[in-house]
Amino acid sequence: MSAQPHGPGLPTRVRIGYGAGSVATGAFGTVPGLMLLPFLTDELAVPALLAGVIVFGPKAWDVFLNPVAGRISDRTVDPRGPRRPWLLRAGVLLAVCFALLFAGPDLGSTAADAAWVLVFFFACASAYAFFQVPYVSMPAEIASTAAERTRLMTWRVAILAFTIMLAGASAPALRDAVGGRDGYRVMGVAMAVVILVGVLLAYRGTRDAPLGAVTPGAGSLRDQLRIVAGARDFRLLLVTFVLQALATGCMLAGVDYLAGDVLGRQSASTVLFVCFVGPALLLTPAWAALGRRTGKRTGYLIASVILAAGAALATAAGSAPAGAVFAAVALVGVGYAGVQVFPLSMLPDAAAVDAARTGSSRVGVYTGVWTAGETLGLALGPGLFAVVLAIGGYRSSAGGEVVQPDSALTAITIGFSLLPAALVLLSLLWLRGYSLDERTVDASAAAATPTRLPTPSPTARNRPDDPCGAPHPPRRPAVRDLPVHGGRTLAYVYDAGLPETDALAREAVAAFAGSNGLDPTAFPSLLTMENELVGFAAGLLDGPETVVGTLTSGGTESCLLSVQAARDARPDIARASLVVPDTVHAAFHKAAHYFGMEIRVVPTGPDHRADPVAMDAACDDSTVLVVVSAPSYAHGVIDPVTEVAGAAAARGIRCHVDACIGGWVLPFKSRLGRPVTPWTFAVDGVTSISADLHKYGYAPKGASLLLHRTAELRRPQFFAHADWPGYTMLNATMQSTRSGGPVAGAWTTVQAIGVDGYLELTRAALEATDLIAEGIERLEGLDLVAAPESTLVAMTAGPGLDVFTVADEMTARGWFVQPQLSYAGQPPSLHLSVSAATLDGVADFLDALARAVTVARETGPVPVDADVVALLHSLDPTTLSEAEFDALLAAGGLAGEGDAPGLPEQMAPVNALLDAAPPALREAVLVAFLDRLSRPVALE
């Protein structure tokens with residue numbers, strides 16, 4: 001994405017310089033719509049329908065060309081930035097072609113004259129595409145906030161309004177002053193000079209703009225267009241703007257006809273045009289100020305209604321005094337100023353949100369689609385007006401006076417008034433669904449900024465070793481975390497792609513961060529939120545009326561508590577055991593270690609699912625819990641819960657379903673009509689389920705749920721102690737103090753998204769998973785470990801291909817995938833946790849993966865010497881000294897620089913060595929590494 005601009009805002013000279021580009025866009029956007037149709041019908045005697053086709057054709061060409069121009073400018077590498085070079089190249093060509101558009105010689109026939117106009121209008125439209133698209137793309141890259149983009153648009157729209165008024169008033173005046181076809185020629189040259197001035201001013205004026213480097217989205221143009229088309233807010237805004245551009249095109253095309261034929265004064269066209277665009281000169285700042293108070297969407301709605309009202313009032317043009325008609329058009333102009341300011345500042349907001357969310361800039365493609373839509377609307381306007389003229393029986397001429405029938409006059413009036421008013425009102429059906437606001441946009445940009453520790457205030461308390469009390473200058477640690485938004489970190493984090501929801505959740509976390517869930521009577525709001533979250537989850541997990549639950553700090557704590565409750569429910573067993581498949585999450589091994597229990601690991605079959613018969617056989621009188629997964633983390637498949645839980649219930653043993661991953665996905669997958677293996681409380685014998693809110697519930701980190709079928713099953717989980725002098729300790733979880741922040745963040749997220757929202761997020765995540773799985777199967781050398789049953793994907797590599805090198809290459813391309821070491825004869829693999837936000841980047845991911853595979857195949861697997869492997873298997877980690885661990889860390893590339901351990905840029909050699917070591921040695925080496933990472937550092 002683009003480098004972030006520096007400072008609180010753009011310099012005024014840059015705002016004015018950028019706005020000056022509207023001199024070119026305003027002149028070209030106005031004069032052909034105003035003058036070309038009358039030039040064809042009233043000067044060259046081209047029939048109205050054919051004239052409409054000539055005006056529409058080149059503009060329709062731009063509909064296809066604009067996205068191409070956007071993609072090309074996205075990929076442009078130039079010291080002047082990706083956009084500015086195109087302003088100069090295409091802008092100069094546009095001015096030349098525009099001069100030639102009206103300057104054609106008398107070729108002796110209407111057909112030849114019309115062909116000249118068609119050819120040069122095509123040339124103008126092509127040059128304009130490569131000027132307009134980069135120009136309109138720039139605000140998303142040079143302005144860092146929604147407010148700054150509004151200020152930038154205020155300058156642009158004010159200059160645009162002035163140019164439209166100047167060009168719209170002077171073009172007919174120049175034509176009429178000279179007269180005849182020469183009048184059009186002189187007018188064309190004059191407007192070409194205006195365009196050239198605007199081009200040069202914009203090019204020079206933006207030379208100091210912080211343009212930054214653009215990282216374009218990968219994949220073909222078709223891929224990018226599909227992604228952009230899937231952006232809901234952009235799509236709604238685009239439809240609104242296109243319909244309003246169509247309305248504007250109708251009115252502009254009708255000005256000359258309304259003045260000369262309905263009002264009976266050709267000179268009135270200049271007055272009408274001034275009334276149409278003049279208010280924008282005065283009211284653009286007022287609209288911007290209103291937008292700051294009410295929000296852009298509300299301001300846009302108000303402006304649209306005013307424009308429609310003015311257009312409707314112009315219906316009286318055939319009978320009302322000219323002054324009344326001018327007043328109605330002036331009201332149109334009031335609304336027109338607003339419908340330019342707001343959508344033109346909302347467009348870069350939508351593009352910026354996408355860039356912040358995905359990490360790739362598609363600003364050019366967004367703008368290309370936008371300007372294509374605008375062009376289509378403005379082109380269809382004159383064409384639609386020409387159709388209305390033809391229906392009304394309008395009579396074309398070759399420069400002479402023609403008396404028009406009443407039906408033609410009625411058609412002119414309707415085409416100028418009622419038709420545009422209806423189109424504007426129709427557009428509001430789409431605008432009302434637009435959801436981005438300034439807070440959402442700015443929150444998205446903030447969320448895309450790499451996570452860094454906050455800078456201490458200079459007035460903060462001094463360090464304890466500072467006797468002088470002098471404040472120390474703030475320091476920012478030189479660290480960079482993986483991105484938590486954008487769907488490109490395919491482990492550890494889960495992104496819904498909903499920046500507005502993320503912003504609400506962060507506010508909730510901050511508001512309740514100081515609250516303490518230790519005592520629910522002191523902070524009852526936390527208890528209420530927790531109970532409502534449990535209630536929501538119970539509905540998803542088919543919980544009976546007796547179901548109860550607890551909010552924990554994460555999946556591991558939920559799993560630990562399920563084991564602890566099962567153990568403590570059987571105090572009669574000296575050393576309790578639990579039975580798990582070998583694919584169970586490591587948290588259960590941690591639980592057995594913490595609680596002094598025996599864990600019996602049962603091998604899974606080739607399908608990586610638990611073996612119900614083998615698990616039942618592993619149970620005995622000491623077994624208090626069996627565990628299954630929905631789905632397993634390593635392979636993404638669901639265990640046969642029905643069979644395992646049924647066998648456990650027959651023995652009177654609890655059965656826990658670890659659905660930390662699937663708990664917020666699988667219920668919605670089922671509602672979407674996709675098959676799901678039974679796993680919820682609807683399965684007899686299931687006694688508890690864990691489901692993480694901070695995974696596919698998309699809540700802030702630190703929130704999971706543990707649900708028990710009955711309160712009796714949960715009761716051993718609780719801890720109470722009154723036999724000491726202090727307060728009676730009463731805990732529902734392993735923690736005593738529990739910050740209210742995660743509770744409030746999770747509750748706010750679930751409330752904001754709701755059932756319908758989770759259905760859509762699940763659809764997106766599953767679609768992304770399907771596309772990624774299909775892409776992996778198409779890549780030679782990669783194989784799926786298993787067909788994904790949820791949103792987890794695991795892949796292995798064939799001979800000659802090293803998954804660890806693939807992982808490094810993916811990291812270099814902006815995608816984090818998680819290596820999984822070999823286990824029990826199974827090869828190493830790569831794990832992907834696919835989020836809803838990943839869908840927009842699937843094409844980019846698959847392109848990166850294909851390139852990574854190519855590099856990994858050329859590089860070959862990381863070699864590990866056979867003697868080294870033998871040495872690793874001969875070591876007993878329980879006998880190694882600290883010095884020997886230091887030597888192992890250094891040999892593995894984990895020693896870092898100096899005394900501080902660290903990770904090398906290329907992790908493949910490290911992972912290859914770890915993969916060659918037995919699991920016990922892996923554990924010991926990594927514990928030693930963690931120990932050396934976690935050492936105190938002085939706070940500077």
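Select Leu94 in this predicted model and display what surrounds it. Setting aside neighbours within four places in sequence, Leu94 is in contact with Phe28, Cys124, Ala127, Tyr128 and Ile195. Leu94 belongs to helix α4, which covers residues 84–101. Is Leu94 buried or exposed? Its relative accessibility is 0%, so Leu94 counts as buried. To check a distance in the viewer, pick the C-alpha atoms of Leu94 and Phe131: they are 8.3 Å apart, with the two positions 37 residues apart along the chain.

Next, go to the sheet. Select β10, β11, β13 and β12, in that order: these 4 strands form an open sheet with antiparallel pairing. Which strands stand at the edges? They are β10 (782–784) and β12; each has a single partner strand, so one side of each is left without a neighbour in the sheet. Neighbouring strands here are turned against each other by 35° on average, direction ignored.

Stay with the sheet and select residues 792–797, strand β11, together with residues 829–833, strand β13. The two run antiparallel and are joined by 4 bridges. For one position to centre on, take Leu792, which stands opposite Ser833 in β13. Now add residues 740–778, helix α26, which packs on the sheet. Helix α26 touches β10, β11 and β13, and its direction makes about 135° with that of β10.

The next selection is helix α31, residues 908–916. How many of the 9 residues of α31 are buried? The count is 7, so this helix is largely enclosed by the rest of the structure. Colour the buried ones: Ala908, Val910, Asn911, Ala912, Leu914, Asp915 and Ala916. To see what they pack against, show α27 (803–812), β12 (818–820), α29 (866–874) and α32 (919–933). Strand β12, one of these partners, is also an edge strand of the sheet visited above.

Finish with the cysteines. Select Cys559 and Cys660 and show their side chains. Why is there no bond between them? The sulfur of Cys660 is the closest cysteine sulfur to that of Cys559, but the separation is 4.2 Å, too far for a bond; a disulfide requires sulfur atoms within 2.5 Å. Cys559 has a relative accessible area of 2% and is therefore buried. Cys275 is worth a separate selection: at 15% relative accessibility, Cys275 also counts as buried. For the model, the disulfide count is 0.

Notes. Residues are numbered from 1 along each chain as its sequence is written. This is a predicted model: local features need pLDDT of at least 70, side-chain atom pairs count only at pLDDT 80 or more; totals for chains, interfaces and linings use all residues. Side-chain values use heavy atoms; hydrogens and water are left out. Buried means under 20% relative accessible area, exposed over 50%, partly exposed in between (1.4 Å probe, protein chains only). Contact means heavy atoms within 4.5 Å. Two strands pair if DSSP finds at least two bridges between them. Axes are lines fitted to C-alpha atoms, for helices over the stretch in contact, and angles run from 0 to 180 degrees between N-to-C directions.
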